[in-house]
Amino acid sequence: MPVDIWSQQHSLIGSMSVATDTSSLSLKSLSLASALSETDSEQKNSAQNMNKLCRQVSIESPGPGVKNCVFNFFVPIEDTPAHGARIKIVCAGACYRRRDRANSITSVSSVSSELSDYCPSVTSMSSPAHQGIREGSFFPGFEVAGVIESLGSEITEANNRGLRIGQRVIVYPFDETPAGYAELLVVPDLKHIVPIPDNLPMEEAAMLPTGALLAMNAVFKAQSVVTQILNQRAATDPNKKCKILIVGTGGLALWAVRIASYHFASTGAHNVDITVASLRDEGFRLATEIKNVSVVQWNECLYEPQLIERTKDVCGGAVDVVIDFGTTSRSLHRSMHCLSKGGVVLISEEVAEKLLPKFSRLSNEYQQEIIPISNGTAEQLEELVQLVANKKIEPPPYSVFPCEQAAEVIQKLCNSEIPGRAILRFPELE
């Protein structure tokens, strides 16, 4: 709930000093500490525009000697932009953003292959101070669902895009999205806001803006490749099926296989076979629950030739398209060996920046193409909302936790103790 900044000044300073590594706090927390050190006259002037605080949760990469990487503190409530809105957040999906790419937004879950790069159990880092932790941060708040708390002063019936105060919405990720979660989120332009119907639970809606949307965009791109391949085969081998391999069983892959199963069936593409390469045991179980989808387990204890041979056996030969949600060179290298000559691998833009330079020579040698996939558009997000609300696409499993348990949630995610996605729920504001 919002609190008065002056009555809570001393307790706020105390709560912020709990963090041992102040460098890991967000810029908002640092600016708040600076504001509290101003003179009384400056504080009074500042209070005219911003005299209330709301809670913010920031989940950071731990630094040397810092065990707690989850910080709860208060930030000033920003004014509603003249052409935008202020959203009261109700639910937020656990997701991360790499520090070295300000606009990179990716969802994670307990069965996600991405966690192997982020959890302390993995010892792949060269820095002893960050053993097992890749340089990145987890931020709940990029996948959010909530209610419009206020609209800007310049918003009228003519330009409100059908939005109103009190309406249930989700937020399409935009470049200036704050680096951390606060109970009230300022959105500069109404074009970033997507309404959600009353029959769509907030918990499910919160999963859509990043991971599900990226998966949907990947499936749409895969469809264009599949259509091209089937058209080329129409004259010579019209009955030959097009094979798609989806790598990973985290939130991204689980969304992708659900969206792909629905999408290809609804478009009449019945000569498409879908196989999931599971990277974790619990992911294997979740993937096998999906109808008309084959599953192969990529057990890292086996040699690469064995895994490649096993995958081709399950797929009935080399595949035509790979949607690879893995984050490692090993995963992409294996995917390319499972791919036919002239095939296409789809990877997220985030990992493409790192992996494309390493595999350009191999892709040319195999006559294969590696295509980066962006997060998707606001229009696609609107379509996805309707598909999930109308039960055309079932969301992956998820568990809901109060925001006060953020630290425990992150630890459980790293230990693969939460099946599917983790959603943080925030208390109602008074």
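These are my notebook entries on the cores, one paired strand and one buried valine of a predicted model.

Ground rules. I number residues from 1 along each chain as its sequence is written, and I use heavy atoms for side-chain values, leaving out hydrogens and water. In this predicted model local features need pLDDT of at least 70 and side-chain atom pairs count only at pLDDT 80 or more, while totals for chains, interfaces and linings use all residues.

Cores. I looked up the largest nonpolar core (buried Ala, Val, Leu, Ile, Met, Phe, Trp, Tyr and Cys residues joined through side-chain atoms within 4.5 Å) and found 58 residues, of which I170, L208, I246, W255, F264 and F325 touch the most other members. Helix 5 (residues 208-233) gives the most to this core, with 13 residues; helices (H or I, at least four residues) and strands (E, at least two) are DSSP runs, numbered from the N terminus. Apart from this core lies another, of 27 residues, including I87 and I418.

Strand 9. I then turned to strand 9 (residues 168-171), where R168 and I170 on one side and V169 and V171 on the other are all buried (buried is under 20% relative accessible area, exposed over 50%, partly exposed in between, with a 1.4 Å probe and protein chains only). Strand 9 pairs (at least two DSSP bridges) in the antiparallel sense with strand 8 (residues 143-151) over three bridges, with A145 opposite I170. Strand 12 (residues 193-195) also pairs with strand 9 in the antiparallel sense over three bridges, and there I193 stands opposite V171.

V351. I placed V351 in helix 10 (residues 349-366) and noted that V351 is buried, at a relative accessible area of 6%. Leaving aside neighbours within four places in sequence, V351 is in contact (heavy atoms within 4.5 Å) with G326 and T327.
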